[in-house]
Amino acid sequence: MKSTLKLTLGLASAMFASTALSSVAQAEDLTLCWAAWDPANALVELSKDFTKQTGIGMKFEFVPWTNYADRFLNELNSHGKLCDLIIGDSQWIGGSAENGHYVKLNDFFDKEKISMDDFVPATVVGYSEWPKNTPNYWALPAMGDVVGWTYRKDWFSKPELQKEFKEKYGWDLGPPATFDQLKQIAEFFQKRQIDGKTVYGASIYTERGSEGITMGAMDVLYSYGFQYENPKKPYEMEGFVNSDKSVKGLEFYKALYDCCTPPGASNSYMGEGVDAFKSGQVAMHMNFAFTWPGLQKDENVGGDKIGYFVNPKGPDGEQFAQLGGQGISVVSYSDKQESALKYIKWFANKDVQAKWWSLGGYSCLNAVVKDPKFPASQPYAQTFLDSMAIVKDFWAEPSYAPLLQASQKRFHDYVVAGQGSAKDALDGLVKDWSQVFQDDGKM
Amino acid sequence: MTARPVPPLARDAVQINSIVETIQVTEVGLTMLNRTADSVARATPEPLARKVRGISDKGLAWLFISPTILLLLAINIFPLFWAIYLSFTNYRANRPGEVVKNLGFANYQRILGDKDIWIAMQTTAHFVFWTILLQTVIGFTLAWLIDRKFRGHAFWTTIILVPMMLSPAVVGNFWRFLYEPQIGLFAYAISFVTGIPATHIEMLSNVSLAPWSIVIVDTWMWTPYVMLICLAGLRSIPEYIYEAAEVDRASNWRQFWSITLPMALPFIMLAVLFRGIENFKMFDMVNLLTGGGPGSTTEVASITLKRQAFESWRTGYSSAFAIILFVAVFGLANIYVKALNKVKQR
């Protein structure tokens, strides 16, 4: 009887202990929300070290890019508790700060001696600050990213193609320095037979549903002289958004789409671009830098066959590139903010950042990217550094979503559907954007 | 060996016997039911029974249907009235802390004066018109053929019904691959027949072809549904009408126009009503196939609404648009139902 009682008590206490322990473990688990892409897999790998060090488990909620904004902005707007940490897109920073979705990190940074001076300046402005260019921080720069280009080095180095190209255009076939040169190369490769296969000039962003065509068109427009607003008078867009230079830039983007993209590439974004390049369809490929580690490793097009170049210059020699990337923030509706802040502190560490780069993530820490060994650490490292030095970003206003929707519509209507002129599209964009700012009471 | 014919009197006797048996079985059933009801009544606790005894039949009926009515009010009627209220405001669901201003009819004015909204409505009308026309013609023809009851008709009915059983998400995705100009079977087939290079057949990228690519997919998927309804209509036509027509030496053509079509018309009209309402709010397939593109060529009203409501977060504005769409569908459907009733009464 005694032994039965002991056994029962023992089992009961073991059950109680295991339940209590599991609830403690669950309470400590953090959920990190991000997009489903290659860097997310690298972060899963990296975060194992955090769990080892702190005992805090990590869960991940990754959503494909096409639904990423819808899914997580809904989550934040409904004050959901799903995400303790979120790696939100750079354009969300204004809305998330003003609507109280993110925890302000200034005091935490001061306490933990995390200095924003230690990070690449463009990433601090782009991913962390709201209002822009003020020391109000809502995120730690987590994943540097920028639009750049890859090209088929093996095709470019074929002697017969080099000879033909030189005869036709009068300069050596190589990575283009200007957009005009880029178009010449694209035209040269369009519908050319290489290794018994028809290939095409370039893959560019044309996606309609989320942000694709805006990211692609802006990547060109910046270097043509496009400006979002009058630098001296905020929100004054007439003559800046729809300037003659901007019109020329948009006309160029349409010309590039019409002449030199693969058939059916009317709704192409990051995934479609990678597919086009990996399947050997295109000579050049516009995409965010996050795709480069995967392409470098690819058996068919990677290794010695691939090269990288920075976004080319516009007609007046201006050179900019569209900023991508994100910062990591603590969600203000989370019940585990303390643990989430521990993760941010851990992530800001130099060694962690160095490992992050080695695993395929793009560190924004100066100590990593300004290390003398960095440019040689990967074939694309120098292009990444050069690109990050010339970035510009889309509006990061709280109303960024309607602003983005307007540009998606105007650009797609003109570039892909061929409706109206570039001037019409940009005039329409000024009208749409003005309406958004009027609704917000900013104009 | 041939079966001996049964004399008429004996046949009546068999029928009467069967009716008597049915009555007996029914009586036994009713008795059992009464006993069960009695036992349930006895088992009811006295305080509860006392309460229920005082309720009239009408009151009891209300008691039974009230949970359903409450549920409907909560998930249908309340959101409708809430949306009507929001449509007069500048409310944004992503800015809960912001002061909500009453805008009067400003949202409605802006929508009705917006050129892009009217383009979306035209796109929707184009899609609804052509899908209904094609689905009705093809669906009725298929139903008429299946109704011939040829050998293997049951097998072919099942095959024809397959597209309707698939999820729109699956259909949208695999048609996107079929339409792919470089590897798609559709482009290959058209190229094989016409000689046009497959890479030139850009169904989803070409401004002229994209609206038709959606019409084709919707017709492929939903014609079987129209066929089923038409088949039910054709099967409901009594055989003796055709026999009488044959006695009057009416030709097959005459029988079709004077019997088949008029008698199946209420069913055809019902199919048109169902497909019309469904296609007016079509979203999933268009979203998967073209996302409204190229440009805004295939941007039907529901895509515009979704973009305004859940991407631009203009909740008040999109509520007003939703109300306009609701009134349009409700009004058109009402007019149509009245016409349908007239046809049925003929």
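A residue counts as buried when its relative accessible area is under 20% and as exposed when that area is over 50%, with partly exposed in between. The exercises below apply this to a predicted model.

**Exercise 1.** Decide whether Ser302(B) is buried or exposed, and describe its surroundings.

*Solution.* Begin with the location: Ser302(B) belongs to helix α13 of chain B, which covers residues 301–311. Next, take its relative accessibility, which is 13%; because this value falls under the 20% cut-off, Ser302(B) counts as buried. Then look at its contacts, where, leaving aside residues up to four places away in sequence, Ser302(B) touches Lys281(B), Met282(B) and Phe283(B). Finally, the side chain of Ser302(B) reaches the backbone oxygen of Met282(B) at 2.3 Å.

**Exercise 2.** Work out how many residues of α13(B) are buried, and name elements that cover them.

*Solution.* Counting along the helix, 9 of the 11 residues of α13(B) are buried, so that the helix is mostly covered. Among these buried residues are Ile303(B), Leu305(B) and Arg307(B). The cover includes α3 and α19 of chain A, together with α5, α12 and α14 of chain B.

**Exercise 3.** Classify the packing of α8(A) against α9(A) by its angle.

*Solution.* First, note that the two helices pack at an angle of about 125°, with their axes 11 Å apart. That angle makes α8(A) oblique to α9(A), and α8(A) passes α9(A) in a right-handed crossing. Turning to the residues, Leu161(A), Glu164(A), Phe165(A) and Tyr169(A) in α8(A) meet Gln184(A), Ile185(A), Glu187(A), Phe188(A) and Phe189(A) in α9(A). The residues of this contact divide into 6 nonpolar, 1 polar and 2 charged.

Key:
Residues numbered from 1 in each chain as written. Chains lettered and ligands numbered in written order. Predicted model: local features only at pLDDT ≥ 70, side-chain atom pairs only at ≥ 80, totals over all residues. Heavy atoms only, no water. Helix = DSSP H or I, 4+ residues; strand = E, 2+ residues; numbered from the N terminus. Buried < 20%, exposed > 50% of the residue type's maximum accessible area, 1.4 Å probe, protein only. Polar contact = N/O pair within 3.5 Å; in protein donor to acceptor, adjacent residues only side chain to side chain. Contact = heavy atoms within 4.5 Å. Axes fitted to C-alpha atoms, helices over the stretch in contact; angles between N-to-C directions. Parallel < 35°, antiparallel > 145°, perpendicular 65-115°, else oblique. Left-handed = near helix turned anticlockwise from the far one by under 90°. Nonpolar A, V, L, I, M, F, W, Y, C, P; charged D, E, K, R; others polar.
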